[in-house]
Amino acid sequence: MKTCLSTDIVRYRTMPARELRQSFLLDALCVPGELQLAYVESDRAVVGFASPLEKTIPLPSFPQLRADHFLERRELGALNIGGHGTILVDGQAYAIDNLDCLYLGRGVRQVEFTSKDPANPAVYYLLSYPAHAAHPTTLVRKADASPMDLGSQDNANQRTVFKYIHMAGAQSCQLVMGVTHLKSGNVWNTMP
């Protein structure tokens, strides 16, 4: 797991674009057949991808977490942006289709990611934060995500945000997770 250290406000103001990208851009995290994670030290978040092919990919603990298992004191959202797959959570299998999201609460001991078809693998986008309470594992299907329309065509940022893990959806301690779909002809982006 890569560690991304925080940058102080004095240094940040003097950083050229190359240094800003090195400090804040998380790229090359989606590698077929592997688990790639980054620990963002400033807010103790973990972000990454699990992209299983033929073999199951387990979610181990890492020294940065100071825990016996990954979700000992954390929660996790796993959004499948690939083909059909399964996430095994403490022995219980959850079939995960494209754009389905699984919330895993604090205390889960064992997590394994699989793909149904290695030729069209599942690709799990993973987001994790520390958790102060345990909430149940919850599967949110794409059809059950809450849509919210935002932006305008005049500003070229018209989009629909599909909310999965949020106050009125899958419950969590502090994790909020969704997917943004841009409308045709719009260019809303977070990257200059």
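A polar contact is a pair of N or O atoms within 3.5 Å; within protein, one must be able to donate a hydrogen and the other to accept it, and residues adjacent in sequence count only if both atoms are side-chain atoms. The model is predicted: local features need pLDDT of at least 70, side-chain atom pairs count only at pLDDT 80 or more, and totals for chains, interfaces and linings use all residues. Residues are numbered from 1 along each chain as its sequence is written, and side-chain values use heavy atoms, with hydrogens and water left out.

Q: How many helices and strands make up the secondary structure of the protein?
A: Both kinds of element are DSSP runs numbered from the N terminus, helices being H or I of at least four residues and strands E of at least two. On that basis the protein has two helices and 14 strands.

Q: Which strands stand at the edges of the open sheet of four strands?
A: The order in this sheet is β4-β9-β6-β7, with antiparallel pairing (strands pair if DSSP finds at least two bridges between them). Two of the strands each have a single partner, so one side of each is left without a neighbour in the sheet; these are β4 (57-58) and β7 (92-96).

Q: Which residue of β9 is the bridge partner of Ile-57?
A: β4 and β9 (residues 111-115) run antiparallel and are joined by two bridges. In β9, Ile-57 is partnered by Phe-113.

Q: At what angle do the ring planes of Phe-113 and Tyr-124 lie?
A: The structure holds two aromatic pairs (ring centres within 6.5 Å; planes under 30 degrees apart are stacked, over 60 edge-to-face, the rest tilted). In one of them, Phe-113 of β9 is linked to Tyr-124 of β10 (residues 124-130), 11 residues away in sequence. Both residues are buried (under 20% relative accessible area with a 1.4 Å probe and protein chains only; exposed is over 50%, partly exposed in between). Their ring centres are 5.2 Å apart, and the pair counts as tilted because the planes lie at 40°.

Q: Which element gives the most residues to the largest nonpolar core?
A: A nonpolar core joins buried Ala, Val, Leu, Ile, Met, Phe, Trp, Tyr and Cys residues through side-chain atoms within 4.5 Å. The largest has 26 residues, of which Phe-70, Ile-87, Phe-113 and Leu-126 touch the most other members. Elements giving two or more residues to this core include β3 (45-50), β5 (74-80) and β10. The most, three residues, come from β2.

Q: Is Ser-172 buried or exposed?
A: Ser-172 belongs to the loop between β13 (159-165) and β14 (177-182). Beyond four places in sequence, its contacts (heavy atoms within 4.5 Å) are Glu-75, Tyr-103, His-135 and Ile-165. A polar atom of the Ser-172 side chain also lies 2.5 Å from the backbone oxygen of Leu-175. With a relative accessibility of 18%, Ser-172 counts as buried.

Q: Which residue has its backbone oxygen 2.9 Å from a polar atom of the Asn-98 side chain?
A: Asn-98 sits in the loop between β7 and β8 (101-104), and its relative accessibility of 34% makes it partly exposed. Leaving out residues up to four places away, Asn-98 touches Asn-80, Ile-81, Gly-82 and Lys-142. The backbone oxygen of Ile-81 lies 3.4 Å from a polar atom of the Asn-98 side chain. At 2.9 Å from such an atom is the backbone oxygen of Gly-82.

Notes
Phe/Tyr/Trp six-rings, centres within 6.5 Å; stacked < 30°, edge-to-face > 60°.
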